[in-house]
Amino acid sequence: MADYDVVIIGAGAAGLTLTHHMGRVNERRDRPLRTALVEAPPGPHTPPPRTWCFWEPDGGVWDSLLAARWSDLSFFGSDGAEHRSSADPYVYKMLRSTDVDAHVRASADEYLDQRELFVDGVEDGFEHATVHADAPCGGREHLTARWVFDSRPAAPVSTGRTRLLQHFRGWFVRAPTDLFDPAAAVLMDMRTPQPRRGVAFGYVLPLSRREALVEYTEFGRTALTTAEYERALKDYCDRVGVPDVEVVSAEQGVIPMTDARFATRVGKRLFRVGTAGGATRPSTGYTFSGVDRQATAIAKALAEDRVPVPPVPHRSRHLTMDAIMLRALDSGRVSGADFFTRLFAGNRLGDVLAFLDGDSRFSRELTMGLTTPVAAMSLSTVDHFWHALGSRLTRGLRNTGGGHNHPIHRG
């Protein structure tokens, strides 16, 4: 018999969200499931505190923990024009990872074990999987489980054509006077110097009239140094009229933006969740909503005694659109500032959020597409499908042994 029904590796957004759902699973079952949340002990392997932002209708399961929420959003184009509107039917929300962590642990039922271990291997099996780990005090641990969900970083199963990074640094600032509007957030601000390829922007998420998270973000191939982020943040604060602020704390990170595909099932009893399982939306870097959709589907399957395969939480057509947009940015065919300025200027912000979260209708998506640089995006679309066709033909020739005799070339 296995030690546990479920082992969850990692206590980031994906691991904590799934752990939180396990309590609800046990409320629906006659026989509760024994679960282990396995994470590295506090130290260099522990991820730093994060803020997680997402949007959803009011009344979500995390609402009692929100650090802030905004119903009105603004976008500043590269021309300096402000576009402000309601996010209806959504509310833009901010969670602190420390608050989620404390809540999940405090509200856990008696069927959860919290284990501090250094995991170095996971072995699949016919009847159970085994998690191999080093204990902090020395010695080896081997945990068996019916199902294992691994949220640690993992390579995609396909190489992908485009691999960009969303990289950022943010300051939590305090101003000496009332400078911020707590009811409204600046979602994207293109009034920043732009890289030759990709895009750069700032944003301001007010926490009170005198406190805010001010962040500088780029979509590009390589991250900046901390000193470069600091200079960009100082420049951005000067540009938006908040030069005399105290920096209380900072956060920094990198999120993959790629058309490569990630596997959610990697064995009979092994699964990946979170960014490792494709929860990150390639075109935006947002992950939290995808994580929640994965955890909800897993919990439903476990409650019904089905195989709990995590879904890829994004529709195929949206992943295709994301691949086209990323390629257009990376190739320099489209100016990122121009693309986003036209998108947000030509559409209500709530509609843009619906599209970015995969909640929009195809007819509406086509209409929104007409507000972007149509010629450049059309060329990128043709390029995407031509490349996909060429890749399929190449694979077919290789499978028939003809790949060396009839190579396919393109510029």
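Helix axes are taken here as lines fitted to C-alpha atoms over the stretch in contact, and angles run from 0 to 180 degrees between N-to-C directions. The structure described is a predicted model. On this definition, the axes of helix α1 and helix α4 (residues 288-303) come within 9 Å and cross at roughly 30 degrees. Because angles under 35 degrees count as roughly parallel, α1 and α4 are roughly parallel to each other. Their crossing is right-handed. On the α1 side, the contact involves A13, A14, T17, L18, H21, M22, V25 and R28. These residues meet F288, V291, D292, A295, T296, I298, A299, K300, L302 and A303 of α4.

A second helix pair is formed by α7 (residues 349-356) and α8 (residues 362-369), whose axes come within 11 Å and cross at roughly 115 degrees. The crossing of α7 and α8 is left-handed. Residues D351, V352 and F355 of α7 make the contact with R364, E365 and M368 of α8.

Helix α1 (13-28) also takes part in the surroundings of helix α2. Within α2 (residues 97-106), the residues S97, V100 and V104 are buried. Viewed down the axis of α2, the buried residues fall within an arc of 60 degrees, so they line one face of the helix. The elements against which the buried residues of α2 pack are α1, β3 (51-56) and β7 (91-96).

Both of these strands belong to an open sheet of three strands, arranged in the order β3-β7-β4 with antiparallel pairing. Its edges are formed by β3 and β4 (68-70), each of which pairs on one side only. From one strand to the next, the twist averages 20 degrees. Six bridges join β3 and β7 in the antiparallel sense, and T51 has R96 in β7 as its bridge partner.

A further open sheet contains seven strands in the order β6-β5-β13-β14-β15-β12-β16, and its pairing is mixed. Here the edge strands are β6 (82-86) and β16 (246-258), each pairing on one side only. The twist in this sheet averages 15 degrees from one strand to the next. Helix α3 (residues 226-239) packs on the sheet, where it touches β12 (163-174), β13, β14, β15 (211-220) and β16. The direction of α3 makes about 60 degrees with that of β12.

Strand β13 (residues 184-189) illustrates the mixed pairing of this sheet. Strand β5 (residues 72-76) runs parallel to β13, and five bridges join the two. Among the partners across this pairing, S74 is matched with V186 of β13, and F75 with M188 of β13. Strand β14 (residues 199-206), by contrast, pairs with β13 in the antiparallel sense over two bridges. Residue V186 thus appears in both descriptions: the bridge partner of S74 is V186, and V186 stands opposite V204 in β14. The strand β13 is mostly covered, with six of its six residues buried.

Burial is also extensive in helix α6 (residues 336-345), which is mostly covered, seven of its 10 residues being buried. The buried positions of α6 are G336, A337, F339, F340, T341, L343 and F344.

Residue R317 lies in helix α5 (residues 316-331). With a relative accessible area of 27%, R317 is partly exposed, because this class lies between the limits of 20% for buried and 50% for exposed residues. In sequence, R317 and F362 are 45 residues apart, while their C-alpha atoms are 9.1 Å apart in space. When its neighbours within four places in sequence are left aside, R317 is in contact with S360, R361, F362 and E365. Of these, E365 is also one of the α8 residues in the contact with α7.

How values were computed. Residues are numbered from 1 along each chain as its sequence is written. This is a predicted model: local features need pLDDT of at least 70, side-chain atom pairs count only at pLDDT 80 or more; totals for chains, interfaces and linings use all residues. Side-chain values use heavy atoms; hydrogens and water are left out. Buried means under 20% relative accessible area, exposed over 50%, partly exposed in between (1.4 Å probe, protein chains only). Helices (H or I, at least four residues) and strands (E, at least two) are DSSP runs, numbered from the N terminus. Two strands pair if DSSP finds at least two bridges between them. The arc is that of the directions from the helix axis to the C-beta atoms. Contact means heavy atoms within 4.5 Å. Angles under 35 degrees count as roughly parallel, over 145 as roughly antiparallel, 65 to 115 as roughly perpendicular and the rest as oblique. A crossing is left-handed if the near helix is turned anticlockwise from the far one by less than a right angle, and right-handed if clockwise.
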